[in-house]
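Work through the exercises below with the sequence and the model at hand. Each task is followed by a stepwise solution.

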Amino acid sequence: MTTTTSTLPEGFILPDFGDAPRTTRTVQTGESSAVTTTTSYDGPRKMAFICSKGNLDMAYPALIMGNAALGEGVEVHLFFTFWGLDIVNTKTNDKLRFTMAGNTAMHLDDLGRVRPGLEHASVPQALGNLPGMTGMATRMLKRQMAEQDIPTVPEFLDLLQASGAHLYACRLSFDMAKMLEADLHPGVEGVISAGDFIEIAQGAQIVFV
């Protein structure tokens, strides 16, 4: 019987996740064989989301993932910068819109009622430039989210605040937009610089949206 221990492929660089218990894969050949492959990361559970876009469809990914992380006991920080600042601006966050222009993945599920298969076809980009199409697409997305019991953006922010998420507004974007702190969602803990957030996000898994 021979025992071989597998190694990483040549040229593969394993990211440094800190001290964590890991076991190597051991393969025994002969009349019997066993494979042990247990790898785990036991470091600090912390996630940082950088929200840079203000479209309705781009607001939800970070909110949903942040909420899911909180449910798993992860420390969550969200930094709203550039157009993403609209997500925490109480004058705009209930008016975020969705457009099909520039979105080649856009398709309409309701078209499947007209002819099976059409629900998977991409909507021609030219349609997105027609008057009223952005409003229609926004209503459609909001309806689909409501059918899944997904809260509105302002409600989602309330939920994140109550669940312990840390929300921050970007100082540069805030000053460029000439905003007032009174316009920010109450869950925003402060208006900070990018450098401040980098310090806060130290050791976190960073997700840029």
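Is Arg-143 buried, partly exposed or exposed? Arg-143 has a relative accessibility of 36% and counts as partly exposed; buried means under 20% relative accessible area, exposed over 50%, and partly exposed in between (1.4 Å probe, protein chains only).

The model is predicted: local features need pLDDT of at least 70, side-chain atom pairs count only at pLDDT 80 or more, and totals for chains, interfaces and linings use all residues. Residues are numbered from 1 along each chain as its sequence is written, and side-chain values use heavy atoms, with hydrogens and water left out.

**Exercise 1.** Find the salt-bridge partner of Arg-143 and place the pair.

Step 1. A salt bridge needs a side-chain nitrogen of Lys or Arg within 4 Å of a carboxyl oxygen of Asp or Glu. Arg-143 pairs with Glu-147, with 3.3 Å between the closest N and O atoms.

Step 2. Both residues belong to helix α2, four residues apart, about one turn of the helix. Helices (H or I, at least four residues) and strands (E, at least two) are DSSP runs, numbered from the N terminus.

Step 3. Glu-147 is exposed at 53% relative accessibility.

**Exercise 2.** Describe the salt bridge between Asp-183 and Lys-91.

Step 1. The N to O distance is 3.8 Å.

Step 2. Asp-183 sits in the loop between α4 (171-176) and β7, and Lys-91 in the loop between β5 and α2, so the bridge ties together parts 92 residues apart in sequence.

Step 3. Asp-183 is buried, at 12% relative accessible area, whereas Lys-91 is exposed, at 54%.
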